[in-house]
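Colleague: Before we go through this model together, I would like each of your answers to show its reasoning and to finish on the name or value I asked for.

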Amino acid sequence: MPSPSQIRPEPLISSPITRRTVLKAGGTLLLSVFAPMSAMAAQILAVRVWPAEDYTRVTLENDSILKATHFIVKDPERLVVDIEGLELNPTLKGLVAKIQSNDPYIKQVRVGQNRPNVVRLVFDLKEEVTPQLFTLPPAGSYNHRLIFDLYPVHEPDLIAQMIEKGDWSSDPAKPPMAGTHTPPPALPESGKPPVAAVAPPVAPIVPPVPELRPEQRPEARPLPGQKVVRMITIALDPGHGGEDPGAMGSRGSREKDVVLAIAKRLKTKLELQPNMRVMLTRDADFFVPLGMRVEKARKVQADLFVSIHADAFIQPTARGSSVFVLSEKGATSTAARWLANKENQADLIGGVNVKNHDKQLASVLLDLSTTAQINDSMKLGKAVLREIGGINRLHKGSVEQAGFAVLKAPDIPSILIETAFISNPEEEAKLTDNGYQDQMADAIVTGIKNYFAKNPPLAKSRLT
């Protein structure tokens, strides 16, 4: 506290309890005391944790803007976060129980009142991370949010990840997949495989051949006279995720869950093909910004980009499946424009760190979207729409166009599939049905195969 001789003629002292202005006039001290200020601390409304291999996100939803500082402590690795204007409450204490044992980056978290109006969170880490802390204004059904994103220090190699996770084979002798999924033969009620009545003939002893890892055989060696088949890379993009649930059905179904289930089925079916491998932009419940989805596809030099969604409208009677491609000249219908605007708001709901958003990348994706890419996307869209029309009513009988941000890869044919209206009770039931999900995946596979039958992939010469 300064002495009276140090006090200047302007307001100097401010506290959460009272505000006082001390004036010096002609050597006389004048004291004016104002009414008490509100000392109400911010309230934590909800805490959420989204663990994933890409990164782990921790969200604190609150009723006002929070100010936080953070620092890293070494040996062992810890992230310390101090949040100002906050008093510890049961909701915030509940963060401790939200940390899962399989979280790739967080071992545990400790929460405590560090000092009056300051809560400290200490994250014990499993490895070194690069943290990003930022706030989000109210959006959708959310209030103010304080976000902690914990990224690995060493960015993973997406191609290596895809090969490691993939079950694909590049053996051209492997038979292509039929139109429907063939389950393994059922076991008898005993749960044990049946014993053959006649012993099979003894096979000759052949020295074992070591199995090559997928990365050791990305291209099959053709037999004499056999045509070389190039490995095709397909990027599947399940929409929404994490903080962004997408559209909601009347029965509580969430778009992010439905489209991830369909994408995983589709991945399995595509990788049964002798020359196809798949990269999922997300393989779990976490949020991926729109621009990052496109960037991931380009990093693996994808030959196709397929974004999977479940439509919604204010009227529950709206129904049908649709396929969209990018438009350079505006949307082909009012509905297409409305849908594109809604889907492009995903970054607002899911939460993007604006300070680290690559504005230059966004500009490149916008400016370099070419007529050739759109033409190829239309061919792919028509092939897929034709097959989808065999399992569900089409919302419109032709491929539509609009300015979807997620379709703006300048060098990859890209489509967005609205598998059905989750806002329609009848179609919501379909979307959550295993049989319909399987049929939808089969239809998309057939459409992609038909597209490549007429448009063989070119040799890859693009830069990552």
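Colleague: Which residue meets the side chain of Asp-54 in a salt bridge?

Modeller: This is a predicted model, and the separation given here is computed from its atoms. The pair links distant parts of the chain, with one member in the loop between S4 and S5 and the other in helix H5 (residues 290-299), 242 residues apart. The N to O distance is 2.3 Å, and the partner of Asp-54 is Lys-296.

Colleague: Is Lys-296 buried or exposed?

Modeller: Its partner Asp-54 has a relative accessibility of 22% and counts as partly exposed. The limit for buried is under 20% relative accessible area. Lys-296 has a relative accessible area of 6%, so Lys-296 is buried.

Colleague: Which residue forms a salt bridge with Asp-285?

Modeller: Asp-285 lies in the loop between S13 and H5, whereas its partner sits in helix H4 (residues 255-270), 29 residues apart from it. Asp-285 is partly exposed at 26% relative accessible area, while the partner, at 2% relative accessibility, counts as buried. The closest N and O atoms are 3.1 Å apart, and the residue that pairs with Asp-285 is Lys-256.

Colleague: Which strands are tied together by the salt bridge between Arg-48 and Glu-61?

Modeller: The closest N and O atoms of Arg-48 and Glu-61 are 3.0 Å apart. Arg-48 is buried, with a relative accessible area of 17%, and Glu-61 is buried as well, with a relative accessible area of 9%. Because the two residues lie in separate strands, the pair ties together parts that are 13 residues apart in sequence, namely strand S4 (residues 44-50) and strand S5 (residues 56-62).

Colleague: How many salt bridges are found in a search of the whole structure?

Modeller: Side chains of opposite charge can pair when their charged atoms come close. Some of these salt bridges share partners, and in that way Arg-48, Glu-61, Arg-145 and Glu-243 are joined into one network. For the whole structure, the number of salt bridges found is 21.

Colleague: Which strands stand at the edges of the open sheet of six strands?

Modeller: The six strands follow the order S13-S12-S14-S17-S15-S16, and their pairing is mixed. Neighbouring strands of this sheet are turned by 30° against each other on average, direction ignored. An edge strand has a single partner strand, so one side of it is left without a neighbour in the sheet, and this applies to strand S13 (276-280) and strand S16 (400-402).

Colleague: Which residue in S14 is the bridge partner of Ile-234?

Modeller: Strand S12 (residues 232-238) and strand S14 (residues 304-311) run parallel and are joined by five bridges. For Ile-234, the bridge partner in S14 is Leu-304.

Colleague: With which side chain does the side chain of His-309 make a polar contact?

Modeller: His-309 is found in strand S14, and at a relative accessible area of 6% it is buried. Leaving aside neighbours within four places in sequence, the residues in contact with His-309 include Gly-239, His-240, Glu-255, Leu-416 and Thr-419. The polar contact, at 3.4 Å, is made with the side chain of Glu-343.

Colleague: Which helix gives the most residues to the largest nonpolar core?

Modeller: This core has 65 residues, of which Leu-270, Val-384 and Ile-448 touch the most other members. Apart from it lies another core, of 25 residues, among them Ala-42, Leu-60, Leu-92 and Phe-123. Not counting residues up to four places away in sequence, Leu-270 touches Ile-234, Leu-236, Met-276, Val-278, Val-445 and Ile-448. To the core of 65 residues, the helix that gives the most, with nine residues, is H11 (residues 434-454).

Colleague: How far apart in space are Gly-389 and Ala-443, C-alpha to C-alpha?

Modeller: Gly-389 lies in the loop between helix H9 (371-388) and S16, and with a relative accessible area of 36% it is partly exposed. In sequence, Gly-389 and Ala-443 are 54 residues apart, and in space their C-alpha atoms are separated by 8.8 Å.

Colleague: Taking the protein as a whole, what percentage of its 464 residues count as buried?

Modeller: The secondary structure comes to 11 helices and 17 strands. Among contacts with a separation of 6 or more, residues 24 or more positions apart account for 73%. Of the 464 residues, the share that counts as buried is 44%.

How values were computed: Residues numbered from 1 in each chain as written. Predicted model: local features only at pLDDT ≥ 70, side-chain atom pairs only at ≥ 80, totals over all residues. Heavy atoms only, no water. Core = buried A, V, L, I, M, F, W, Y, C linked by side-chain atoms within 4.5 Å. Buried < 20%, exposed > 50% of the residue type's maximum accessible area, 1.4 Å probe, protein only. Helix = DSSP H or I, 4+ residues; strand = E, 2+ residues; numbered from the N terminus. Contact = heavy atoms within 4.5 Å. Pairing = 2+ DSSP bridges. Axes fitted to C-alpha atoms, helices over the stretch in contact; angles between N-to-C directions. Polar contact = N/O pair within 3.5 Å; in protein donor to acceptor, adjacent residues only side chain to side chain. Salt bridge = Lys/Arg side-chain N within 4 Å of Asp/Glu carboxyl O.
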